[in-house]
Structure formats: structure tokens, C-alpha cells
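Colleague: I'm new to this, so could you walk me through the labels people put on a model like this one?

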Amino acid sequence: MRTEGSQSTGPAFEGRRWLFPSAVIHELDPGAVRPGHRPRRTARDWLVDCTFFLVAVGFAVLAAEAVSREEDLPDGLVLLDQWLGALACVAVWLRRRRPVGLAIAMIPVGLLSMTSGGAGLIAVFTLAVHRPFRYVAWIGGVWLALQPLYYWLRPDPDLPYLVAVAFSVLFTVAVITCGLLVRSRRQLVVTLQDRARRAETEAGLRAERAQRLAREAIAREMHDVLAHRLTLLSVHAGALEFRPDAPRDEIARAAGVIRESAHDALQDLREIIGVLRAGESDDAGRPQPTLAALDTLVAESREAGMKVTLAQQITDPADVPASVGRTAYRIAQECLTNARKHAPGAEVTVTVTGTPGDGLTVAVRNPAPDGEVPPVPGSGQGLIGLTERATLTGGDLRHGPTPEGGFEVRAWLPWG
């Protein structure tokens with residue numbers, strides 16, 4: 001009765017271990033037994049062992065009276081019968097440790113001693129409970145095959161020979177069947193416990209995977225939002241640094257944009273951290289931007305000094321599903337952020353086309369920048385995130401250089 005991959009059940013038996021056999025507890029909680037030691041008997045084991053011992057003794061006492069009434073039996077054989085019966089009753093206490101050895105030893109003892117019959121049946125029952133069926137088949141088969149020989153050597157004075165043999169065989173088969181049923185029930189308990197443990201482990205792994213995916217989605221959202229806000233801050237701060245003699249109105253306007261962008265960035269960061277702490281969905285907090293907010297995004301980029309052309313050929317952006325519109329907005333936002341970092345001063349063209357059934361296409365294109373642009377650390381991570389975002393929506397995203405030396409990002413998203 002072995003199950004592979006068993007792990008400690010811990011509190012599963014807390015407060016009620018005495019209700020279970022020690023063999024079952026060992027299967028379900030191997031860590032409870034020290035290596036090299038046998039499982040300790042539980043209260044239930046002691047109760048069952050004492051009951052079996054008393055049953056074996058009672059059977060021996062009744063059989064001893066029947067043996068003493070056999071007139072043609074020598075006194076030496078009567079004494080041998082009773083001594084073997086007494087030893088068999090004592091050997092019942094070894095049935096858990098040596099079920100196979102005890103059952104084999106009881107075969108010759110049973111032929112010589114009538115008083116050991118109860119202990120022999122208990123040994124066969126224990127063998128059926130604690131060992132696989134192949135042991136029961138061989139030893140039980142030998143036991144049943146010797147029943148006719150036993151009653152031929154020592155016939156029952158009260159029953160005919162065939163009736164006595166049939167009764168003994170049926171009773172022995174019933175005992176073996178009861179032992180097999182007990183074994184099957186224990187195996188069922190172990191199997192159900194193992195399945196429950198596996199289901200609990202799988203549920204924990206699914207929960208961890210869901211949390212990881214949620215955190216990855218939040219990380220993408222944080223990258224998309226904060227990268228856009230921080231590049232605006234960088235552009236306006238750079239303008240103030242290189243034009244300290246600018247008119248007061250331009251300085252005040254740039255400072256206002258910096259203040260608003262910083263406030264928005266802090267607000268977005270606060271909401272994302274709140275999601276991580278409270279476990280809320282991505283849609284918690286302020287409404288997420290959709291395709292309808294694309295005009296505002298382009299206006300912010302123009303205020304930062306970018307040259308952006310928006311060609312939105314969607315009649316009513318509100319008709320676009322929220323998830324698709326939000327993905328399209330994030331793609332455009334990330335592409336504008338990348339253009340500010342990698343192609344400063346270049347004109348960016350944002351094109352949005354599509355109809356229900358054909359899908360939504362977002363294309364962001366910019367020519368090669370004027371002059372050398374220093375490399376930006378961490379480049380390419382945003383495009384990886386955009387590709388994953390488009391794939392999760394059911395679409396695809398492609399990006400790469402254009403024949404003229406510029407760069408283009410084109411995404412297709414399903415729409416209706």
C-alpha cells in the first residue's frame with residue numbers, strides 16, 4: 001500500500017490521530033516516523049490488537065476443551081496442541097511487523113494444533129490487509145489446499161468430512177475477503193488524500209501564476225504610463241536648461257507642464273501601487289484611457305515640442321471595445337515616447353484605421369533623426385511589452401526600420 005510523492009499532511013491528523021491505523025498515518029504523513037523506525041501503534045491499533053488477541057485466546061480455550069475430549073488422542077499430542085496454541089496467541093502481537101512470516105509459520109502450526117486456528121485466521125486476515133494480493137494468493141491458496149488434509153488427519157466428531165471442509169474453506173475465504181476490503185478502503189483513503197493534496201498544490205500554483213501575470217500587466221502599465229510622463233518632463237526641463245533667456249510666459253508655461261506631468265505621474269504611480277497592495281483589478285481607480293483619448297495624447301506631445309500628425313479614420317472611437325481601444329492608446333503612447341527618445345525633432349505620423357469585422361490597425365512612423373542620437377539604456381523593452389499586450393488582445397505587432405532609414409510600428413487588433 002504505497003503511494004509515490006506522498007508529503008506530510010501536517011495538521012490533517014491533529015487531535016484525532018488515534019482514529020487512524022498507524023499504517024495509514026505512515027502513508028499519509030511519512031515525516032511523522034523517524035528514518036529506520038517503525039510507526040508507533042495508535043490507540044485504535046492497541047484496541048484492535050487487544051481484541052484480536054482475546055479472540056485468538058477465546059478460540060484456543062474452546063478448541064482446547066474439544067481436544068481434551070478426543071479419547072484416541074495421546075496426552076503428548078494434546079499437550080503439544082495446547083502449547084502451540086498458546087504460542088500462536090502470543091504471536092498475534094507480531095502480526096503488524098511480520099505479516100508474511102506469521103502467515104507462513106501458521107501453516108504447519110495449524111496442521112498440528114487445533115487451538116491455533118483462531119490465531120491462524122487472524123494471521124491470514126492481517127496478510128490480506130497489509131500485503132499485496134500476490135502474497136495472499138500464494139499463502140492463502142496453500143492454506144485452503146491443506147484444509148482437506150487437516151480434516152482427514154483430525155476429523156470433526158460433530159460434522160461430516162465434506163461439510164467440515166466446506167465450512168472451513170468458506171470461512172477462510174470470508175476472512176480473506178474482509179481483509180482485502182479493508183486494504184482497498186485504506187488505499188482509497190490514501191488516494192483521495194493524495195488527490196486532495198495535489199489539487200491544493202495545483203490551486204496554489206494557479207494562484208501564483210495569476211498573481212505573476214497580474215503583476216506583469218501592472219508592470220507594463222507602469223512602464224507605459226511613467227515613461228510617457230517622464231519623457232515630457234525631460235523635454236520641458238531640457239528646454240528650460242538650454243534656453244534660460246526664454247520669455248517669462250514660455251518659462252511659466254513649461255513649468256506648468258512640468259508640474260502637471262509630475263502630478264499625473266505621481267497619481268498614476270500611486271494608483272498602480274494601490275493595485276499591488278489591495279489586489280484590485282487593472283480597471284480600478286481613474287478610468288483607463290481608450291482610443292477616444294488619443295487626441296489628448298497627441299496634444300500633450302505637441303505641447304512638448306514634438307511634430308505629430310494624427311490621421312484617425314475612425315468615425316466614432318467610442319464604438320471600439322474598451323480593451324482594444326486601451327491597447328491601441330498604449331501602443332501609440334509608447335511609440336511617441338520612443339520617438340522622443342530615439343528620434344528627437346523628427347515628425348511622427350500616427351495612423352488609426354479599421355472597421356468592425358476587419359480589425360483595428362495602428363501605425364506609428366517616423367523618419368530618421370537629424371544627426372547622431374546617443375543610445376538610450378534599456379532600449380527595446382517597451383516594444384517587447386507592446387508585442388505581449390497586442391498578443392494578449394488577440395492581435396499582433398510588427399516593428400522595424402523603414403527603407404528610408406526611419407522606424408515604423410504597426411499593430412493589428414481584433415474588432416468585433
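Modeller: Sure, here are some labels with the definitions behind them. This is a predicted model, where local features need pLDDT of at least 70 and side-chain atom pairs count only at pLDDT 80 or more, while totals for chains, interfaces and linings use all residues. Residues are numbered from 1 along each chain as its sequence is written, and side-chain values use heavy atoms, with hydrogens and water left out.

Colleague: Why is C89 called buried?

Modeller: Buried means under 20% relative accessible area, exposed over 50%, and partly exposed in between (1.4 Å probe, protein chains only). C89 has 5% relative accessibility, so the buried label applies.

Colleague: And what makes C178 partly exposed?

Modeller: C178 has a relative accessible area of 41%, so it falls in the in-between class.

Colleague: How many disulfides are there?

Modeller: A disulfide is a pair of cysteine sulfur atoms within 2.5 Å. By that rule, the count is zero.

Colleague: How do you know that β4 and β5 pair?

Modeller: Strands (E, at least two residues) are DSSP runs, numbered from the N terminus. Two strands pair if DSSP finds at least two bridges between them. Strand β4 (residues 396-401) and strand β5 (residues 407-413) are joined by six bridges, so they pair. The two strands run antiparallel.

Colleague: Which residue of β5 stands opposite P401?

Modeller: That's F407. The hairpin of β4 and β5 has five residues between the strands, and G405 takes a positive phi near 100° there.

Conventions. Helix = DSSP H or I, 4+ residues; strand = E, 2+ residues; numbered from the N terminus.
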